[in-house]
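Colleague: I have a few minutes before the group meeting, and I'd like to go through this structure with you. Could you put it on the screen?

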Amino acid sequence: MKKIISLLSLLLLLFTVGLLLTACGECKHEWRDSTCTKPKTCALCGETEGNALGHTWVAANCTAPRTCSACGETEGNPLGHTWQKATCTKPKTCTACGTTEGKPLGHTWQDATCTKPKTCSVCGTAEGDALGHTWVAADCTAPRTCSACGEADGKPLGHTWQKATCTKPKTCSTCGTPEGNALGHTWVAANCTAPRTCSACGETEGNALGHTWQKATCTKPKTCSTCGTTEGNALGHTWVAASCTAPRTCSACGETDGKPLGHTWQKATCTKPKTCSACGITEGSALGHTWEDATCTKPKTCSACGMTEGDVSPRHSFSDTWSADVNAHWHAATCIHTSEVADRAAHTYDANKTCTVCGYTDVRLAVKVIIDGKTVDTLYTDGGKNFLIQAPKKPEDITTNPNAENISTVGLSMRIFRRHCLTQRNSEKTAPFTANGSPSILPDSPTPCPKAKRPLPATRMRRAPFRPLPSSSPPM
């Protein structure tokens, strides 16, 4: 009661203060925070500021409606449970919130079998182990079989037949099942010690015949020639030791014991066939030497045993590639004797002055000097070199290789020294070759000798047969 009176007094005081402030035209606000439904409000004058906050709703669930998490106000109804039926191990359960009701149903067990453990028929849960089969062993006509469930494993064993005898048919030794008929007796005639006897079952009929004795041997005692019965001991062998080709042998009877020792072969060599080191017997032939030809530094030598024969060969080794000069081609030595050559021969030229054997191309020109109808000098040139003509008297004609048109001579030149007397050379001119290989004609402008009374005639060019260059090639 006192609390109520105090609260009323406080409210009255606050109201009075509010009136006074209002009467004065100003309020010193005492603000109260905004709520879900109210804006910020002065506790003295009721003035508001801003807006209400609005509800912060938490969604409805199985047992509660939608609810404001700030003020607790609710709206609507609870959703209610979504029940899932009880199972063997779980009670009735809400799928939304997990609330349970009642108890699990419990398993409905089916007894274990040979191949399956104890199992719930509702949910399939297993407990323990399968019992396993109780096998009854297979017999002649049935496979291994479980006495509990009847499952079979493998195949029947099949009968183990014992052959028919003289008095019994073919019979299974396991189960006793017979098949077919008895064979009947197979009689063997009477011998020295036994009457007529069945060879199959041993049944006898009549009397024995008696022995016919033979003397003892190395391996047999005194023996009946009819039945083989013995008396006393064998004499024993007189053994001769085994060899490569014969086993241990008795010198008395020829009987052998064991196997021959076999040859201890030594491999065939160049000069000896395969040979037994124990008895010396040979097999096959000697391999023969594998000769390597003698070279200029090594005699004929066997590559297998190293044996040599003869002396160092005068023959040399030569390159497979041709060497050549303007006159001939040859194979150069590849051994230490580099001055040696092989297969040296003159070139065989085709129309282009190329050798058909070695491929060498001749680019030479020959020049003859003819004076008074006589050839007094012949000189030659290789590609890029000059040649020299010396005329002791007046030059009458200078002729060139008739095949000059087929030789590349562009850029070659000819140096001609003219002599106006026997002891003096006083003129030198150069005549370049034309594209077809012919030298141009030199104008005659000699310098006279002291005793000369007339100028030398002009030099004239014409073609003449080609004459080979004198040999300056490597020796044969």
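**Working through the model**

Modeller: Keep in mind that this is a predicted model. If we start at His316 and leave aside its neighbours within four places in sequence, His316 is in contact with Cys296, Cys335, His337 and Glu340.

Colleague: Where does His316 lie?

Modeller: His316 belongs to the loop between strand S33, residues 308-312, and strand S34, residues 318-324. From C-alpha to C-alpha, His316 and Thr295 are 6.2 Å apart in space, although 21 residues separate them in sequence.

Colleague: Stepping back to the chain, what does its secondary structure come to?

Modeller: The chain has one helix and 43 strands.

Colleague: And how much of the chain is buried?

Modeller: Of the 476 residues in the chain, buried ones make up 22%. The accessible surface comes to about 31,200 Å², and carbon and sulfur atoms account for 53% of that area. As for contacts with a separation of 6 or more, 24% of those in the chain are between residues 24 or more positions apart.

Colleague: With that many strands, let's take a sheet. In what order do S16, S17 and S18 come?

Modeller: They form an open sheet of three strands in the order S16-S17-S18, with antiparallel pairing. Strand S16 (161-162) and strand S18 (178-179) are at the edges with a single partner strand each, so one side of each is left without a neighbour in the sheet.

Colleague: How many bridges join S16 to S17?

Modeller: Two bridges join S16 to strand S17, residues 170-172, and these two strands run antiparallel. Gln162 stands opposite Thr171 in S17.

Colleague: What else does Thr171 touch, leaving aside its neighbours within four places in sequence?

Modeller: With those neighbours left aside, Thr171 is in contact with Thr160, Trp161, Gln162, Gly176, Thr177 and Pro178. In addition, the side chain of Thr171 reaches the backbone oxygen of Pro169 at 2.8 Å.

Colleague: Now the other one, S25, S26 and S27. Which strands stand at the edges there?

Modeller: That is an open sheet of three strands in the order S25-S26-S27, with antiparallel pairing. Strand S25 (239-240) and strand S27 (256-257) stand at its edges, and each has a single partner strand, so one side of each has no neighbour in the sheet. Two bridges join strand S26, residues 248-250, to S27, and the two run antiparallel. Thr256 in S27 is the bridge partner of Thr249.

Colleague: Changing topic to aromatics, how many aromatic pairs does the count come to?

Modeller: The count comes to zero aromatic pairs. There are, however, charged ends sitting over rings: that of Arg144 is over the ring of Trp135, 4.0 Å from its centre, and that of Lys222 is over the ring of Trp213, 5.0 Å from its centre.

Colleague: Last topic, backbone angles. What is phi of Asp343?

Modeller: Phi of Asp343 is near 60°, a positive value in a residue other than glycine. Most residues other than glycine have a negative phi. Asp343 lies in strand S36, residues 341-346. Lys353, which is not a glycine either, has a positive phi of about 60°, and its place is in the loop between S36 and strand S37, residues 365-371.

Colleague: Is Lys353 buried or exposed?

Modeller: Lys353 counts as buried, because its relative accessibility is 8% and the cut-off for buried is under 20%.

Key:
Residues numbered from 1 in each chain as written. Predicted model: local features only at pLDDT ≥ 70, side-chain atom pairs only at ≥ 80, totals over all residues. Heavy atoms only, no water. Pairing = 2+ DSSP bridges. Helix = DSSP H or I, 4+ residues; strand = E, 2+ residues; numbered from the N terminus. Polar contact = N/O pair within 3.5 Å; in protein donor to acceptor, adjacent residues only side chain to side chain. Contact = heavy atoms within 4.5 Å. Buried < 20%, exposed > 50% of the residue type's maximum accessible area, 1.4 Å probe, protein only. Phe/Tyr/Trp six-rings, centres within 6.5 Å; stacked < 30°, edge-to-face > 60°. Lys NZ or Arg CZ within 6 Å of the ring centre and 35° of its normal. Areas by Shrake-Rupley, 256 points an atom, 1.4 Å probe, with all protein chains shown as cover.
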